[in-house]
Amino acid sequence: MVVPRPRAPRPIRPVREPATVPPPLTGPWAPEDRRLDEVELLPLPDGTHGPEDVVVDAAGRVVSGDEDGRLWWWAADAPAGTPARLLAETGGRPLGIELDPRDDSLVVCDAYRGLLRVTPGGAVRELTGTAPPVHLANNAAVARDGTIYFTDSSDRFPLSHWKHDLLEHRPNGRVLAYDPGSGRTEVVAAGLYFPNGIALTPDESALILVETTTHRLLRVDLPGGAATVLADLPAYPDNLCAVGDGTYWIALPSPRLPVVERLLPHPRLRQLVALLPDAVRPQPRRYGLVALVDGAGTVLRTLHGPRGAYWMITGVRQHGDQLWLGSLVGSGVARVPLG
């Protein structure tokens with residue numbers, strides 16, 4: 001059964017901000033490694049799209065969701081073109097997916113149902129719902145004690161209107177923590193600009209986090225929640241995953257758009273843009289991009305797809321010597337060797 005979608009949001013209430021200038025894709029961001037235009041595709045069923053995130057579970061299955069609320073899987077060693085198999089149906093919209101190593105279940109951030117737990121057999125249990133404080137669960141990280149840290153990207157706009165939140169450019173997002181023992185959800189940090197991808201540092205003393213709206217990479221200390229800006233990114237970031245050695249892959253759906261950033265000093269103009277049909281608003285660039293960074297925000301490696309063969313990359317996961325990719329608009333998940 002499909003969960004009812006939230007009603008249309010209130011009009012945006014943008015604030016005046018100084019214009020910014022996107023940095024060029026040069027230096028460590030130069031498009032020298034273009035392997036993202038040569039990925040192997042593992043397709044979703046015909047007519048199904050939007051494998052927003054991707055994870056490899058304890059059984060070696062690559063799991064991703066779709067825009068219609070289903071979770072699908074493939075064997076990690078499956079040849080390109082292998083069809084997906086159904087794991088579960090959430091009825092909502094699965095976004096970030098993480099593995100809970102304590103019981104090999106999946107923790108799913110569902111945009112319309114909140115935080116979910118999915119067993120290896122496909123049983124779905126709701127952990128939080130979307131009652132306050134959870135509004136738009138997006139990406140998660142599971143601590144060794146089972147605490148689930150996750151981003152609540154916007155307390156004003158549902159996923160269907162995520163571009164409105166970016167146009168409004170207000171700190172409508174938070175980081176939350178779900179305690180599996182008590183079942184309580186607490187606020188870790190607030191006042192964030194569409195917080196999205198999140199991961200724990202190896203010693204679990206902090207979270208590494210990205211904000212899509214401000215294209216920033218942050219470190220959020222635990223338990224206090226103090227945030228430090230590590231880097232200003234040349235592209236809009238989405239999901240993020242820890243490799244396990246203190247480095248992190250970031251999925252970057254699009255390089256930054258100069259026209260959007262020139263609108264920041266003009267709130268009334270942004271209100272008008274929000275009223276336009278989506279087809280005539282500024283659109284993400286058709287460009288594939290992921291980056292590997294360390295805990296200080298230093299860029300260690302970038303992979304590019306300038307032709308946009310696989311683009312709007314919103315999910316990234318390293319598994320052995322392979323990188324798995326998800327896409328908000330793609331028709332399947334993608335695999336690319338790292339060697």
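Okay, so let's start with T128: its side chain reaches the backbone nitrogen of L115, at 2.9 Å. Keep in mind that this is a predicted model.

Where does T128 sit? It's in a loop, the one that runs between β9, residues 124-126, and β10, residues 137-142.

And is T128 buried or exposed? It's buried, because its relative accessible area is 18%, and the cut-off for buried is under 20%.

What is T128 in contact with, once we leave aside its neighbours within four places in sequence? You get G114 and L115, then V134, and further along F150, Y178 and T185. So L115 turns up twice here, in that contact list and as the partner at 2.9 Å.

Right, zooming out to the whole protein. The secondary structure is three helices and 26 strands. Along the principal axes, the C-alpha trace spans about 50 × 45 × 40 Å. The radius of gyration is 18 Å, and that agrees with a compact globule, because with 339 residues you'd look for a value near 20 Å.

On burial, 57% of the 339 residues are buried, and T128 is one of the buried residues. As for contacts, take the ones between residues at least 6 apart in sequence: 55% of those join residues at least 24 apart.

Last bit, the surface and the charges. The protein exposes about 13700 Å², with carbon and sulfur atoms supplying 54% of that. On the charge side, I have 34 positive side chains and 39 negative ones, and the centres of those two sets lie 7 Å apart.

Key: Residues numbered from 1 in each chain as written. Predicted model: local features only at pLDDT ≥ 70, side-chain atom pairs only at ≥ 80, totals over all residues. Heavy atoms only, no water. Helix = DSSP H or I, 4+ residues; strand = E, 2+ residues; numbered from the N terminus. Buried < 20%, exposed > 50% of the residue type's maximum accessible area, 1.4 Å probe, protein only. Polar contact = N/O pair within 3.5 Å; in protein donor to acceptor, adjacent residues only side chain to side chain. Contact = heavy atoms within 4.5 Å. Rg over C-alpha atoms; globule rule 2.2 N^0.38 Å. Areas by Shrake-Rupley, 256 points an atom, 1.4 Å probe, with all protein chains shown as cover. Lys, Arg positive; Asp, Glu negative; His and termini not counted. Charge placed at Lys NZ, Arg CZ, Asp CG, Glu CD.
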